[in-house]
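Student: I have a model open on my screen. Can we go through it by question and answer?
Tutor: Yes. Ask away.

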Amino acid sequence: MNNYWLKRLLSSLLVIAVVLSLNFFLFRLMPGDPTSSLLDPRFSPEAKHELLKSYGLDKPLSQQFFIYVKQMLTFKFGISFMSQRPVWQELAERLPNTLLLLFPALLLSAVLGILLGVAAAKGRGGLVEKTVLLSGAISFSFPSFFVQLVLLLLLAHAFPIFPLRGSLSVPPPVGFWNLVTDKIWHMTLPVASLVLLGFGSWALYVRNLMVKALGEDFILLARAKGIRESRILWRHAFRTALPPIVTIFFLSLPGVISGAVITETVFSLHGIGKFLLDAVLGHDYPAAGAAFYLMSLVTVACNLLADVVYTFVDPRISFRRLR
Amino acid sequence: MSFWRLDTLFLTFLVLLTFIVSPMLGPANETVAPPFCKPLWLDPASGRPLSLNAKDNILSFTWESKPPKAFSVKGTVSFEEVPKDAALLLVSPKKTYKLMDLAGLKNLDVDIDSRDVPLKLHLGLNPFVEVSSVIFSEKGTYSLYVRSDVKAHVNLNINIYTGKWGIFGTDQRGRDVFRLFVQGIKISLLVGIFATLIASTIGMGLGLIAGYLGGLTDSSIMRTVDVLLAIPTLPILVVISGVWGRGLWQIVLVLSIFSWMGTARVVRSLTLSLREAPYVEGLRALGAPAGYILVRHFIPEALPLLLAQTVLGVPGAILAEAGLSFLGLSDPLMPSWGRMLHEAQVFGAFTGGAWWLIFPPGLGIASLCLAFISIGRRFEEMADPRLKEMTGR
Amino acid sequence: MLLAVSLLLPAQGKAAPLDKLRLPNIDELYFLIIKDNDAQLLALQGGQIDLLGDIARFSDIKSLSDDERVNLYLAEGYHAFYLGLNLRKSPWDRTELRQSLWEIVNRKQIVRDVFGGYALPLFSFLPPASPYTLSASAADFDIKAAKERLKQKGWRWSKKGVLICPGEADPLPKMKLLTPTAQVAPTTAEIAERICESMRSLGIPIETEPMDFSMMVARLDRRDFDAYVMAWELSRDPDSLYAFYHSSMDVPGGYNISGIRKPDLDEALESLKYASNEAEARVAAEKVQRLLYKYIPQVPIYSRYHIAALRREWKGAVASLYMTPDNTYSLLSLKHDSKRTFYWCLSEEPRNLNPLSAASAYEWQVLSIIYESLLAVDPFTLKDIPWLAKSWRLDTVTKGGKEKTRITFHIREDVKWQDGSPFSASDVKATIEFLKKFAIPRYFDLVKDVERVEATGNTITVTFSGKSYWYLHQIGGLPILPARVLSSLKDWRNLPEGHIIGTGPFSFSAYKPGEYVKLDKNELYWRKNIP
């Protein structure tokens with residue numbers, strides 16, 4: 001058992017190493033350099049060279065690579081080209097906003113989707129199942145920006161219930177609870193849009209799992225034993241479906257950050273997604289490199305976490321452990 | 001099981017539309033009308049476009065509808081001698097407007113458009129005003145003529161635009177949006193189907209090999225899967241589109257490269273479980289080569305599930321392409337629905353209320369995805385009959 | 001076709017005469033960060049912002065022109081959009097082809113269709129708002145004349161309508177027009193398509209090649225292109241001409257992207273660059289432009305109007321033919337019946353509120369309110385007006401056999417820094433010397449030729465290593481920083497927020513990333529002392 005975990009850890013480290021090197025070369029593969037966007041006839045070639053020097057880009061590539069690796073391993077990410085501020089500061093400003101957006105959205109979509117999926121499996125053949133299947137499919141099918149822009153126009157302009165942009169009012173309200181309510185009010189539309197778009201795939205998937213689980217023989221046995229339906233549903237069928245659900249939950253965490261780009265653009269939120277996109281487009285190597293690195297770490301960590309939690313949640317494995 | 005259900009009918013309709021109707025419509029990238037025209041059926045009280053030629057000094061016409069969106073006067077005016085006092089006038093029931101001063105030259109090219117800011121300033125109007133609504137504010141008789149102290153030869157065309165065109169209007173380049181919409185069907189289908197097909201093929205191939213061979217091959221394939229999963233997709237797509245350029249096949253390839261991992265994992269676990277089956281042991285004992293076992297036994301077992309996965313993966317690919325187009329990362333010459341939405345948003349269709357530019361492609365994407373999900377579910381039910389949507393308890 | 005200044009309209013706002021400006025009537029100034037165009041429009045209409053600058057989309061202009069609560073303003077600017085050619089390659093090295101290209105682009109129709117009329121067809125090599133612009137009676141759209149000119153010089157057309165160079169047997173090969181993608185500049189992509197269509201109608205087989213902006217710049221740097229389109233934000237001075245058209249700038253990273261090398265043009269450009277006073281500068285500028293009209297290294301297409309919107313409840317905006325109300329003078333004169341807080345839209349994150357390293361227009365939108373320069377620009381005449389310097393004198397001295405420019409500035413005596421300490425000539429000296437000593441990239445070219453700086457009392461004298469009239473604007477436009485702050489800086493790239501101290505009418509108060517930047521009224525502002 002320990003051998004298995006050791007091997008997993010080592011392979012994860014290998015993955016991180018490969019991704020690290022890949023990131024370095026991938027960015028520099030893109031033609032152009034950080035001065036490319038500074039197109040101004042008053043910026044002479046000499047001035048441009050001075051700028052490149054101040055970024056440390058006049059050093060030979062191998063030296064740049066070593067500096068890069070050192071920075072990544074020690075988590076000292078250097079200075080962003082575009083803003084001349086420490087990359088850590090930029091990330092620290094933006095990460096909370098992205099997390100505040102994505103975590104509630106992911107949790108709420110998963111919970112809503114699970115509840116609907118279970119309800120659909122329970123009410124098989126009835127209106128409930130039909131509604132859930134249809135609404136789930138619709139939720140999955142609409143492009144995200146479409147729904148978000150329509151929501152914005154409807155609920156922030158036509159009927160100005162929610163704010164148009166940002167995560168805080170200007171000037172920010174005073175007092176802790178006022179701040180909290182203000183934040184929630186601002187995040188409602190973005191989170192709601194993500195939940196509307198996200199519950200569909202959860203609902204459909206959970207419904208499939210539950211239907212399969214309810215069709216198993218042990219359920220028939222439980223019914224024959226006279227156990228209550230709701231207990232069968234949750235303690236037996238759902239418990240069986242739980243491991244894949246948990247796995248999918250952890251595996252969907254990393255992908256969600258990429259999806260934040262569009263939401264952050266539409267709602268003018270100060271988050272990581274847009275930051276990353278701008279960094280890549282603007283050849284901001286330190287910022288882009290650091291963001292990529294962190295996201296890769298999160299992905300690898302989530303993969304490991306998924307495996308760990310799986311062993312706790314899968315009844316067959318946990319029984320084996322208890323013995 | 002009936003083949004002709006709503007979803008397949010819908011898809012057939014779309015395919016017919018795109019392959020039979022679209023060649024009849026003309027090239028999608030052609031400029032057909034002024035930009036930002038509204039659909040013809042919207043607001044019927046706005047009158048019909050007018051195009052008249054003035055060969056004599058005076059041209060009279062009537063205008064009985066709402067003020068038009070724009071008008072233009074183009075052509076040539078030549079005088080027998082250089083005039084000391086000459087002007088091009090447009091007379092409305094209430095006022096006379098001097099469009100252009102013609103004195104001092106013997107031959108003149110006239111190119112006047114109501115959108116020109118210099119014209120607005122010349123007429124003493126605010127540069128943000130719509131000149132045609134000011135001039136054509138009354139219903140009645142209008143005339144266009146050249147007033148001069150010398151004889152003039154006039155060859156002018158006056159065009160009055162109502163800003164309407166076609167079924168869905170025009171976009172910012174004056175292209176017919178309906179043509180673009182129909183073209184978009186083809187592109188969404190192509191991208192969705194091919195990206196998923198390629199991804200599934202790669203996934204199935206690598207999954208089978210990894211599951212069956214095990215050992216080092218298995219580990220290396222799984223590590224590659226992990227590496228690819230650890231790379232954030234969107235920024236990589238930006239980099240790749242920067243290096244490879246944009247185009248239909250670039251997008252298809254890029255989408256396939258980043259979506260085969262799921263299929264590979266599923267196929268691999270299926271292969272692992274099948275490998276332990278007794279009949280496989282028997283086959284191996286009989287000396288059957290690995291390839292034979294894989295092709296003649298595993299693939300047929302895996303096929304229903306794979307088919308379901310593929311069809312269910314198509315909506316994902318279509319949505320991914322829409323997302324990429326929305327961020328501007330797709331080929332600008334390729335009128336996919338995502339691209340249409342991107343251009344609509346960039347040019348202010350959402351806040352400008354031009355819903356005919358937004359709902360067709362948006363609903364198009366959604367209904368196409370719904371159709372594929374519906375078909376995919378039926379394949380799923382074929383693979384695992386327990387999942388059938390029952391009609392009664 | 002030229003817009004006369006006299007056609008200024010009442011809708012442009014009653015111009016407050018500059019000498020009446022004292023302290024602002026605004027106590028708090030918020031720059032609200034709104035990145036999305038749609039959100040900006042909705043915020044303006046909803047009253048969450050009061051001023052929105054740089055409105056580019058036709059649909060926004062249309063919505064706002066119908067809106068009673070908002071006033072729209074229009075101004076000519078320094079924007080210029082060119083069709084660039086690679087004169088090092090055939091067929092672009094042929095002057096008659098370039099002259100014909102000038103005539104086949106229907107600029108007026110482009111302006112009408114793509115901008116709804118809200119741009120100026122451009123027929124000059126300097127932007128419309130520049131005082132040095134020479135407009136020739138340039139030929140407009142005339143395909144017949146273009147073809148005729150080519151025919152006379154020996155060009156023929158193939159059966160498919162493709163041009164054949166005189167002396168060649170084969171028609172022109174397929175070529176590409178590089179253009180930034182629609183994501184960066186949507187209208188640019190549209191215009192590029194139209195230009196290609198026009199060129200194809202003349203017989204040039206060319207197609208657009210959209211690409212990422214930095215990739216495009218990399219190709220241009222490598223001189224690996226046929227033609228390209230690019231929008232430039234130029235300035236009041238014609239110094240861009242040297243960068244664009246002098247042969248010495250035809251180096252990697254240099255701006256002579258077209259590759260034009262003509263000795264007479266070089267000579268005229270040098271006399272422009274090293275002109276010793278305004279009169280010489282005008283003569284030289286005219287000479288340069290006449291030569292440019294002959295050689296046509298680039299084809300000017302259009303110049304965008306600056307369009308801004310201000311909510312009607314705020315009165316007293318300073319606007320002219322050359323400036324929309326989004327400027328410092330307006331902030332000094334705008335008044336509201338009841339409100340004293342003003343909200344201005346900022347379209348992008350100002351990452352770096354450090355005048356030493358700030359590079360984007362958005363950062364400067366904020367910094368130009370906090371920091372000031374020795375000279376300012378009159379919004380109505382575009383002439384230099386005294387600001388931190390109450391007077392100045394330009395001399396040419398001869399030292400060691402070489403002619404050098406020497407500028408003497410007399411600084412105002414009553415100016416205070418926003419933290420209360422007095423402003424003096426030593427601050428100016430410290431700023432210039434700091435920029436030069438640390439070779440700060442953004443100011444590298446501006447202070448490169450500074451030889452010596454002397455500060456005595458309220459006078460500062462700057463001597464340069466060469467002679468040029470433009471030194472006046474280069475030094476006169478520098479933002480002045482306190483000597484105290486400069487000497488305490490460990491790394492010029494890192495300016496702590498507490499050290500953002502200028503002399504301007506508003507001082508830095510707070511920056512909430514992603515949300516807003518807040519400035520407070522500077523009660524010590526020097527204009528309050530003007531009688």
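Student: This is a predicted model. What is the sign of phi at Ala439(C), and near what value does phi lie?
Tutor: Start at helix α13(C) and read on. Ala439(C) follows that helix. The sign of its phi is positive, and the value is near 45 degrees.

Student: What span should α13(C) have, and how far apart are its end C-alpha atoms?
Tutor: The helix covers residues 425–437 of chain C, which is 13 residues. At 1.5 Å a residue, the expected span is 18 Å. The end C-alpha atoms agree with that, being 18 Å apart.

Student: Which residues of α13(C) are buried, and which elements do they pack against?
Tutor: The buried residues are Ala425(C), Asp427(C), Val428(C), Ala430(C), Thr431(C), Ile432(C), Phe434(C) and Leu435(C). Their packing partners belong to chain C. They are β17 (402–411), α14 (444–447), β18 (450–456), β19 (459–464), α15 (471–476) and α16 (483–488).

Student: Is Pro422(C) buried or exposed?
Tutor: Pro422(C) sits in the loop between β17 and α13 of chain C. A residue counts as exposed with 12 or fewer C-beta neighbours within 10 Å. Pro422(C) has 10 inside that radius, so the residue is exposed.

Student: What distance separates the C-alpha atoms of Pro422(C) and Thr503(C)?
Tutor: Along the chain, the two are 81 residues apart. In space, their C-alpha atoms are separated by 9.9 Å.

Student: How many residues of α2(C) are buried, and what covers them?
Tutor: This helix runs over residues 58–65 of chain C and is mostly covered, with six of its eight residues buried. Those six are Phe58(C), Ser59(C), Asp60(C), Ile61(C), Ser63(C) and Leu64(C). The cover includes α1 (37–46), β3 (70–75), α4 (107–115) and β12 (306–311) of chain C, together with α12 (349–352) of chain B.

Student: In the six-stranded open sheet of chain C, which are the edge strands?
Tutor: The strand order is β5-β11-β4-β10-β8-β9, with mixed pairing. An edge strand pairs on one side only. That picks out β5 (119–121) and β9 (206–211) of chain C.

Student: By how many degrees are neighbouring strands of that sheet turned against each other on average?
Tutor: Ignore strand direction here. The average turn between neighbours is then 25 degrees.

Student: Do β8(C) and β9(C) run parallel or antiparallel, and which residue stands opposite Pro180(C)?
Tutor: Strand β8(C) covers residues 175–180. Six bridges join β8(C) to β9(C), and the two run parallel. Opposite Pro180(C), in β9(C), stands Met211(C).

Student: Which helix packs on this sheet, and what angle does it make with β9(C)?
Tutor: The helix is α6(C), residues 186–202. It touches β4, β8, β9, β10 and β11 of chain C. Its direction makes an angle with that of β9(C) of about 165 degrees.

Student: How many residues lie between β4(B) and β5(B)?
Tutor: β4(B), residues 86–91, pairs with β5(B), residues 96–101, over five bridges in the antiparallel sense. Leu88(B) stands opposite Met100(B) in that pairing. The two strands form a hairpin, and the number of residues between them is four.

Student: How far apart are the centres of the two domains assigned to chain B?
Tutor: The assignment gives domain 1 as 44–161 and domain 2 as 177–391. Taken over C-alpha atoms, their centres are separated by 58 Å.

Student: How many helices and strands does chain A have, and what share of its residues is buried?
Tutor: Chain A has 12 helices and zero strands. Its C-alpha trace spans about 85 × 60 × 40 Å along the principal axes. Of its 323 residues, the buried share is 42%.

Student: Where chain A touches chain B, which element of chain A gives the largest share?
Tutor: The contact takes 43 residues from chain A and 37 residues from chain B. The side of chain A has 30 nonpolar, 10 polar and three charged residues. The largest share, eight residues, comes from α1(A).

Student: And which gives the largest share where chain A touches chain C?
Tutor: Here 35 residues come from chain A and 36 residues from chain C. The side of chain A has 14 nonpolar, 14 polar and seven charged residues. Seven residues, the largest share, come from α2(A).

How values were computed. Residues numbered from 1 in each chain as written. Chains lettered and ligands numbered in written order. Predicted model: local features only at pLDDT ≥ 70, side-chain atom pairs only at ≥ 80, totals over all residues. Expected span 1.5 Å × (residues − 1). Buried ≥ 20, exposed ≤ 12 C-beta atoms within 10 Å, placed from the backbone. Contact = placed C-beta atoms within 7 Å. Nonpolar A, V, L, I, M, F, W, Y, C, P; charged D, E, K, R; others polar. Domains from an automatic or database assignment. Pairing = 2+ DSSP bridges. Axes fitted to C-alpha atoms, helices over the stretch in contact; angles between N-to-C directions.
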